[in-house]
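Hello,

Here is the structure I promised to pass on. My notes follow below it.

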Amino acid sequence: TIFGAFLAVALVLLRKAMNRGIESAEIIERLGLPVYASVPYSVLQKAEEQKKQRGPIRTDRAVSLLAINHPTDLSIEALRSLRTSLHFGMLDTKNNLLMISGPSPNVGKTFISANLAAVVAQSGQRVLLIDLDMRRGYLHDILGVPYQNGVSDILGHRCDVANAIHKTEIEGFDFMSRGERPPNPSELLMRSTFKDLLDEVSLMYDLVILDTPPLLAVTDAA
């Protein structure tokens, strides 16, 4: 029994060690899924995050985006390539809404959402970035705007769309925060008010980017 248990554990660990996951875009393309860009890991972004954690609390509310502070970083160049691919890929779509998510927390979806919005705005388009992670969203900290009067407040009929849209330091780049943390975020997203919100902002901007919670963690993104 002990030997059998040891053998089973060893087999599981061996299979896990041999399965290195997705290592190239070709693996995804074999599944019939398009790959618009591969964004490399940014050492500069990691350094900025560590500096922010060690440093004092900032009160100037400055925008903390890699696309602004380090525009020549390889990750930002990859996002410019994504911007071009999306421009042509969305020509035949029925709306201008772009949802960005990931399987689990800390995979870079918020980094992609914020910096992609910045590089799209730099190309002359009007972009609205919406933080739909009403549980743990922190885009307001990155962009230096208050979180009050956001998505949850609109869906809860506590403010209107005009009061929820915040200007950023980047021309053509507007932002809508998550708002106050609600006790029922998934139920709020199922209301018709949410569809009305998306329909309204879709007419106001060239591109609307939706930053959502992780797909496997909660049901909000679905």
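**The sheet and the cores**

Five strands (DSSP E runs of at least two residues, numbered from the N terminus) make an open, mixed sheet in the order E1-E5-E2-E4-E3. Strands count as paired if DSSP finds at least two bridges between them. E1 (97-100) and E3 (165-167) each have a single partner strand, so one side of each is left without a neighbour in the sheet. Neighbouring strands are turned by 25° against each other on average, direction ignored.

This is a predicted model: local features need pLDDT of at least 70, side-chain atom pairs need 80 or more, and totals for chains, interfaces and linings use all residues. Residues are numbered from 1 along each chain as its sequence is written, and side-chain values use heavy atoms, without hydrogens or water.

E1 and E5 (207-211) run parallel, joined by four bridges. Isoleucine 100 has aspartate 211 in E5 as its bridge partner.

Now the core. A nonpolar core is a set of buried (under 20% relative accessible area, 1.4 Å probe, protein chains only) Ala, Val, Leu, Ile, Met, Phe, Trp, Tyr and Cys residues joined through side-chain atoms within 4.5 Å. The largest has 30 residues; Leu65, Leu98, Leu116, Leu129, Phe173 and Ile209 have the most contacts inside it. Helix H6 (109-122; helices are DSSP H or I runs of at least four residues) gives the most, with nine residues.

Leucine 116 touches (heavy atoms within 4.5 Å) several residues, including Leu79, Leu98 and Ile209, not counting those up to four places away in sequence. A second, separate core of 21 residues includes Ile130 and Tyr205.

Best wishes

Definitions and conventions: Axes are lines fitted to C-alpha atoms, for helices over the stretch in contact, and angles run from 0 to 180 degrees between N-to-C directions. Buried means under 20% relative accessible area, exposed over 50%, partly exposed in between (1.4 Å probe, protein chains only).
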